[in-house]
Structures are given as structure tokens and as C-alpha cells.
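Let us check some structural labels against their definitions. Each question asks what a term rests on.

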Amino acid sequence: MSIAVDPREKIYQPPAAPLTSYLPVVGQTLEYVDSPLSTMFRRYRQYGPVSELNFLGRTWTALLGPDACQIALQNPEKAFANGPGWGYLVGPFFDRGLMLLDFDEHKHYRQLMQEAFVRPRLEGYARTLAPLVESGISAWKPGPAFQIYPALKSHTLDLATDVFMGGAELAEPGELERVNEAFVDCVLAANGWLRINKPMPLTKWGRATRGRRLLEDFLRRHLPARRANPGEDLFSALCQVADASGGIDDDDIINQMIFLLMAAHDTTTSTVTSMVYELGRDLQWQERCRQQCLELGPNPTMAEIEKVADLDLVMKEALRLHPPVPVLARRTVKDTEVLGVRIPAGQLVAVMPMLSHHLPEYWSDPEIFDPERFSDERREDKSHRFAWEPFGGGVHKCLGMIFANMESKLVLSALLRHFEWSVPLDYTPPMRNDSLPYPADGLPVDLRPLDRNRARAN
Ligand code: HEM
């Protein structure tokens, strides 16, 4: 490890020669965007679990491996804050979203928002979701190079319109497309180079600023209707929770809604895309899952979808290989220490759980798609408490985890009941990593209508 630590004083010093790029501002950004996992592996093997990284024009401390990630996520000394970390990447667009709040304020909001994710509410979301998933997916027109990623992205946005917002009856024609674009702009701004918080249309940051305004206006117009006629949607639930507690005002309902939509949309799309990709390469597992899903009716309840054991294994394995959120942002609010390396207050920190998912120290043949590794007999994820952490850990652990499980499995199960598909074994999608990872080519799959007679005979 080449981090220079004076053993007597434990003073944090930059590693000897971590910079690989000759462009001083770009630093390792291009290397990361090209291949996040190789960058993480190289750093971990070369510099160890704590090292410096020049990313997006700032120096970050990279935390790699489950031990280092655990310290930042469990945060026993309250040294790592989310707001000033994530705020640097997505701050103005996801202003005051739960993930960007810290300490007492975060605890207060989290307790309130948990009410919108209790079991009876989740069962209600599932009741809304199931028929929409069924009608949306069954209407797909399959083909030999069907671009699964944009199709899923558009489908999950349609679902969000109903299950998050309770339908968009107030939306004007074409407005939902503009809402979608506004989201995309807000998420893409995470890596905008020109960080000027003004509506300058030519910059990512500028487009996201304009997008945020559009989202605020859209939700503010819908809020009175959701409050007056609450349904089984998340927006209604938040209004009810806010009104019952008196602890969240209308502005913050809108802030939390924008954040929830963002937190849910790309992550769920990415998860289902990864499952489709892996099952398109492993036709035996595809068939295994299909047989269990065919036993479900077209509108499974939450309890029914949770019982499909193989879907659960496949989802865990897809999240291990392709975590939708490979890096989590923090900033230190006091001097602290990680595995013997001192980190000063005010330092940006990149917690990188993705690497832990691929380390052979914790997983057998980590690059192989092997859902059984999560079976009760093997439970490889127990090799370290933080070996598998696609939903994060500690007080900021994903609040929508059960929701995400339910929605992703409902969508995959509908796909399995209507279609069969394959991708060439030698095909690896070209990933864009300049925001949350996604396949730049839309991930073409050979999607065919399911021959039900053959499927039942298997
Ligand atoms: C498979 C899909 C998803 C993945 C992989 C995922 C991942 C994550 C991760 C890693 C965090 C922690 C961030 C941090 O510590 O800095 C997080 C936080 C969060 N997620 Fe998710 N998420 C997913 C889906 C969802 C959905 C569907 C929702 C809402 C319906 C949601 C709501 C949230 C919220 C509210 C937080 C902030 C929690 C807090 O700070 O207390 N997520 N998510």
C-alpha cells in the first residue's frame, strides 16, 4: 500500500503516485467513467482500502473493501455526513431529499417517512402495480434486437406516475414526457462539469436546474388533489404522514417526492435490466424462474411474489454483479480515522461498495453468475457483514428496499410469463458510467413471445 502514514502521528498524506492521468483537472475521472470496477480493483491492489482519487476536479478519499465501507456507513463517530457529500454531486436537484439530510434532522424525517413504507402500504402499492405491470409488459412488441433498457425505463416511469403520484390526471398532453426528461437531466447533472446553478440550457447542470423547477411545479399542482382524495399511492401516503405529524411542510413533501422518484426510477430500471441480461445468458435459470412465475396468476400479491425463491436469488446475484449505485458520497465533518489512516475534516469521501461484491476474498468465482451462492446452504454474502451492500448500510440504508424488491420482481415475473429471450454469450453491453450505470446501446435482446405449451411442458 503506498499511502504514506507516519506511524507515530498517523497524519493523512496523499499516496505517493496515485494520479494516472496527465490532465490535472480530469484526474481519474476518465478512467473511472471508462471502467469503474477495474479502477477500483487497481486502486485497492495498489494503494489498499484508503486512497486519494482526483475525481470531477476535486480530491476524494476512496474507501474500498467491506471493512472500510463498513466504517463510513455505520459511522459510529458521526464523522461522515451525507448532505455535503451527495450535495456536491446532486445537491440543488435533490435538495433536502432524505438521503441528503444528516444526524438528528435525518432521524426525524426518516421516522416520519418510514410510515409510507410500512407493510400495509407496501401491499397497497403492490395492488396498484400488479395490473399495470401486466398490461404494460403484455403490450410490448417483441423483436430480435429489442432494446430492453429504454423499454423498461419508460415502463417504470409509467408505473411511477400511478404508484408514486396516484395517476397524472392533471397532466397536460406531453407533460409526462417533459417530466421524464426533467428527471433524466437531474440525474445526469451528477457529473456535470460546469457547476453553475442557473438555467443555462447547454450545460448538464443548467438543464437539471430547469428540470428541478418543472418537477416542483408539476408536483405542487397535484398536491391539493392528493391531499383531498388520498389513494393507495406514495404521494397520498406522504401527505397523510405529513399532515398527521405536522412535521413536514408542503415544500418538503415536494422535496421528498422528487428525491423518491429519483431514488426509485433508475435504480429499479437498472436492476431489472441486469436480471434480463443475466437470464438472457443463462437460459436454465431463466426457465427455472419462469416455471415458478407461471404458477402465479397475472396479478400476484406482494406475499405471492415474495415467495418465488428463485427470483429472489437471481435479484440478489444481479445486484451483486451490477449494483445500480456503485459509489456513495460522504464528506467528513470532523477529523477521523479509517483503518489506521487519518482523514481530516471537510474531506470528500467516495464509499465504493461495488468492489466488495467482486472480491475473491469473499465470493467464490466472483465474476460468474451463480444465484445459488445466496441459497441457505451457501450464503456467501455472510462472509462479511458488508460483502453485499447494494442498498447501502447504517442509518441511510435504502428506505425503498422492500418496495424495490417487489416492483423489480413483479416486472421480471411479467416478462417471464409473456416472453423468452436470449443475448449472445460473447456480448457485454457498453456501459455509460457518467451517472448511474446504464447500457449505452439500450441492451438489445432477442425477445420472443413465450410458447406457453412448450413452457408448461418443461
Ligand atoms: C434496486 C433498487 C434500489 C437500489 C439498489 C437502491 C440503493 C440505495 C442505496 C445504496 C442507498 C443508500 C445511499 C447512501 O447511503 O448514501 C439508498 C437510499 C435510499 N433509497 Fe434506495 N435503492 C433502490 C430503490 C429505491 C426505491 C424503489 C426507493 C423508494 C421507493 C428508494 C428510496 C431510497 C431512500 C428514501 C433512500 C435514502 C435513505 C436515507 O438516507 O435514510 N430506493 N438506496
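Q: What makes helix α2 a helix that lies across β1, β2 and β8?
A: Helix α2 spans residues 36-47. Helices are DSSP runs (H or I, at least four residues), strands likewise (E, at least two), numbered from the N terminus. Helix α2 runs at about 80 degrees to β2. Axes are lines fitted to C-alpha atoms, for helices over the stretch in contact, and angles run from 0 to 180 degrees between N-to-C directions. Contact means that two C-beta atoms, placed from the backbone, lie within 7 Å.

Q: Which strands does helix α4 touch?
A: Helix α4 (residues 83-90) touches β3, β5 and β8. Its direction makes about 125 degrees with that of β5.

Q: What is the source of the model, and how are residues numbered?
A: This is a predicted model: local features need pLDDT of at least 70, side-chain atom pairs count only at pLDDT 80 or more, and totals for chains, interfaces and linings use all residues. Residues are numbered from 1 along each chain as its sequence is written.

Q: Why are β1 and β3 called edge strands?
A: Each of them pairs on one side only. The open sheet has the order β1-β2-β8-β5-β3, with mixed pairing.

Q: How do you know that β1 and β2 pair?
A: Pairing needs at least two bridges found by DSSP between the strands. β1 and β2 have six bridges, in the antiparallel sense, so they pair. In one of them, Asn54 has Thr59 in β2 as its bridge partner.

Q: What is the handedness of the crossing of α6 and α7?
A: The crossing is right-handed. A crossing is right-handed if the near helix is turned clockwise from the far one by less than a right angle, and left-handed if anticlockwise. The axes of α6 (residues 119-138) and α7 (residues 148-163) come within 10 Å and cross at roughly 145 degrees.

Q: What residue classes make up the contact of α6 with α7?
A: Seven nonpolar, three polar and two charged residues. Ala, Val, Leu, Ile, Met, Phe, Trp, Tyr, Cys and Pro count as nonpolar, Asp, Glu, Lys and Arg as charged, and the others, Gly among them, as polar. Leu129 and Leu132 in α6 are among the residues that meet α7.

Q: Which element gives the largest share of the shell around the ligand?
A: α11 does, with six residues. By class, the shell has 14 nonpolar, seven polar and one charged residues.
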